[in-house]
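Biologist: Please take me through one part of this model at close range, namely the ligand site. Start with whatever the records offer as background, and then go in to the atoms.

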Amino acid sequence: MDPIISISALSKTYASGFSALKTVDLDIRRGEIFALLGPNGAGKTTLISIVCGLVNASAGSVRVDGHDIVRDYRAARALVGLVPQELTTDAFETVWNTVSFTRGLFGKPPDPAYIEQLLKDLSLWAKKDARLMMLSGGMKRRVLIAKALSHEPRILFLDEPTAGVDVELRRDMWQLVRRLRDSGVTVILTTHYIEEAEEMADRIGVIAKGALILVEDKAVLMTKLGGKQLTLQLAAPLAEVPPALARYGLVLGKGGKTLVYRYEVGRGEGGEGGEGSDPAGDGAIAGLLQDLAAAGIMFTDLHTTQRSLEEIFVSLVSEREAPGTDERGNRAGPAGEGAR
Amino acid sequence: MNWHAVRAIYLFEMARTKRTLLQSVLAPVITTSLYFVVFGSAIGARIPEIEGVSYGAFIVPGLIMLNLLTQSVSNASFGIFFPKFSRTIYEILSAPVSHFEIVLSYVGAAATKAVILSLIILATATFFVPLRIEHPLWMIAFLLLTAVSFSLLGFILGIWADNFEKLQLVPLLIITPLTFLGGSFYSIDMLPAGWRTVSLFNPVVYLVSGFRWSFYGSADVAVGVSLAMTLLFLAVFVGVATWMLRTGYRLKP
Ligand SMILES: Nc1ncnc2c1ncn2[C@@H]1O[C@H](COP(=O)(O)OP(=O)(O)OP(=O)(O)O)[C@@H](O)[C@H]1O
Ligand SMILES: [Mg+2]
């Protein structure tokens with residue numbers, strides 16, 4: 001199936017000379033939830049803004065459902081809803097009016113029944129006549145979502161939708177996203193809460209310093225990079241790993257007090273086998289423990305950890321940043337608060 | 001055409017006026033009444049008729065122009081500046097609306113307000129001075145053309161301004177002096193020859209003159225010239241506004 005959004009060789013250099021996007025190519029599949037991950041200043045908002053028509057691209061092109069966003073902007077934009085990162089609302093407007101306004105803006109005839117259902121779905125119905133300045137931040141966020149959905153878009157951009165949002169609203173929001181996906185809406189979100197991408201997304205793209213460094217199915221990404229590791233606290237420090245244990249590829253920790261063993265668990269999708277079937281997997285742990293005992297190495301404690309997306313992400317980004325020039329513009333304001 | 005969008009923006013802008021009804025209508029009406037009391041009655045009584053019209057009646061077209069220009073500029077500039085300032089403009093920019101539709105709705109709303117206000121002031125004037133309008137259709141035409149042209153100027157100003165000071169300074173430093181010096185309160189024929197020539201470089205002279213002609217049939221400059229100048233402003237402002245929207249000047253980084 002052809003992609004619903006096709007970004008090719010897109011780059012952006014701001015008037016300040018800062019290069020925020022460097023030749024980005026990306027296809028978004030119809031009906032998927034795509035998570036865009038990246039540290040502050042990576043270029044996520046810039047990318048979304050170009051697709052939505054808020055920022056002029058310096059080079060490259062974007063097609064939304066086959067429509068070029070510049071030449072055929074009407075058709076392209078009518079398909080897209082955007083929830084911006086910042087909470088920007090008209091203070092004096094009522095919830096009902098502002099949501100109806102957006103629907104009109106996107107060229108749709110009024111449909112009070114649809115707006116009513118939308119506001120109910122977002123728990124805003126009781127506030128429909130309240131002025132926006134009297135709403136809490138979380139409610140304003142819901143209003144922005146309602147506005148973005150007011151014209152029944154086929155594509156929804158959520159730019160850090162859960163920054164500064166409490167647990168309950170976040171859960172509501174993810175339920176909404178799933179419902180939207182089930183109804184065929186493509187969702188592209190950015191978030192700093194990596195576990196959310198892990199939980200929600202079908203595919204994940206990692207962006208750092210304006211370059212897309214990885215795009216992968218989440219499941220593949222997790223298995224490809226998500227090995228486990230076993231850490232042993234040693235009773236007595238070791239100077240080196242005994243040759244008898246060489247085949248395990250053990251790594252000695254600082255001061256020789258810990259031993260780390262990395263291994264892959266069976267990849268569930270492979271079929272019957274499950275965990276035990278991986279020769280390098282759990283089966284090997286029993287062998288390792290026996291061999292350790294045989295070599296006279298005692299340990300006081302042990303634990304296993306799974307590399308989370310967060311770690312994968314951090315390692316990917318830090319590889320990128322190795323040369324270490326901090327040219328990320330230090331922007332003030334709420335942008336940075338989502339970071340953890 | 002995305003008429004739903006034009007309607008939505010237009011009504012939004014009109015609703016904004018309703019919220020500030022008092023300051024947007026009452027203030028100009030009071031100021032104008034004061035002008036009539038001071039210039040029309042107190043001072044005007046000592047000024048002879050100008051071109052066969054009493055001074056009080058003579059200043060009516062100028063006063064209306066003064067209000068029309070300032071209101072057009074300030075309504076339109078604020079209308080587009082505010083969403084830019086509060087960043088809610090992201091919605092307009094991401095919507096499937098053309099540049100023409102954006103201009104039509106914002107400028108249309110600002111011009112509507114300015115025209116309504118001018119008509120209110122015209123009605124107020126009838127309480128103070130005897131009025132006659134010789135060419136009512138031309139009067140309406142000048143009113144509309146000027147309102148649209150200067151709402152466009154306000155729109156341009158609102159996009160250009162990046163802070164509130166600039167937004168208020170331009171009307172204060174440019175529009176108001178030009179209007180006062182543009183023959184709102186006198187005929188430029190009353191000026192010494194040198195100043196008269198200087199006045200001809202003031203665009204407002206043509207607007208006021210043409211407008212006054214539609215009332216009393218006499219003008220400082222030929223009415224055809226006034227009309228041509230008004231249309232010229234319109235064309236220039238349309239050009240600048242189009243360029244701004246096309247390039248995203250101060251709207252899209
Ligand atoms: N209008 C602008 N002019 C100049 N530089 C800009 C502009 N907008 C953004 N930038 C810069 O471009 C870079 C990317 O910004 P962007 O907002 O896309 O980052 P982001 O990935 O969304 O970050 P965050 O996670 O903080 O929201 C930043 O370094 C930022 O300072
Ligand atoms: Mg951002």
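Modeller: Happy to! For background, the unreviewed UniProt entry lists "domain: ABC transmembrane type-2" over residues 19–248 of chain B. Please keep in mind that this is a predicted model. In the model, that span of chain B is 77% helix and 0% strand, with its end C-alpha atoms 30 Å apart. The same kind of record also gives the annotation "transmembrane region" for chain B, and among the stretches covered are residues 21–43 and 55–82. Residues 21–43 of chain B are 100% helix and 0% strand, and their end C-alpha atoms lie 31 Å apart. Residues 55–82 of chain B are likewise 100% helix and 0% strand, with 40 Å between the end C-alpha atoms.

Now to the site itself. Ligand 1 has 19 residues around it, and those that come nearest are A:G41, A:K44, A:T45, A:T46 and A:Q85. Chain A does not surround the ligand by itself: residues from chains A and B both take part, so the site is shared between chains. Within chain A there is a second kind of sharing. Domain 1 (5–222) and domain 2 (227–336) of chain A each give residues to the shell, so ligand 1 lies between them.

By secondary structure, helix α1 (residues 44–52) of chain A supplies the largest share of the shell, with 3 residues. By residue class, the shell divides into 7 nonpolar, 9 polar and 3 charged residues.

The polar contacts add atomic detail, and the three I would show you involve oxygen atoms of ligand 1. A polar side-chain atom of A:T45, one of the residues that come nearest, lies 2.6 Å from an oxygen atom of the ligand. For A:A42 the partner is in the backbone, where an N or O atom sits 3.1 Å from a ligand oxygen. A:E160 uses its side chain, with an N or O atom 3.2 Å from an oxygen atom of ligand 1. As for burial, ligand 1 taken alone exposes 630 Å², and the protein buries 84% of that.

One last stop in chain A is a hairpin. Strand β1 (residues 5–13) and strand β2 (residues 19–28) of chain A run antiparallel and are joined by 6 bridges. A:T13 stands opposite A:S19 of β2(A). The hairpin has 5 residues between its strands, and A:G17 takes a positive phi near 95° there.

Note on methods. Residues are numbered from 1 along each chain as its sequence is written. Chains are lettered from A and ligands numbered from 1 in the order in which they are written. This is a predicted model: local features need pLDDT of at least 70, side-chain atom pairs count only at pLDDT 80 or more; totals for chains, interfaces and linings use all residues. Side-chain values use heavy atoms; hydrogens and water are left out. A residue is near a molecule or strand if one of its heavy atoms lies within 4 Å of it. A polar contact is a pair of N or O atoms within 3.5 Å; within protein, one must be able to donate a hydrogen and the other to accept it, and residues adjacent in sequence count only if both atoms are side-chain atoms. Accessible areas come from the Shrake-Rupley method with a 1.4 Å probe; for residues, only the protein chains shown count as cover. Helices (H or I, at least four residues) and strands (E, at least two) are DSSP runs, numbered from the N terminus. Ala, Val, Leu, Ile, Met, Phe, Trp, Tyr, Cys and Pro count as nonpolar, Asp, Glu, Lys and Arg as charged, and the others, Gly among them, as polar. Domain bounds come from an automatic or database domain assignment. Two strands pair if DSSP finds at least two bridges between them. UniProt positions are given in the numbering used here, feature names are shortened, and annotations may be inferred rather than shown by experiment.
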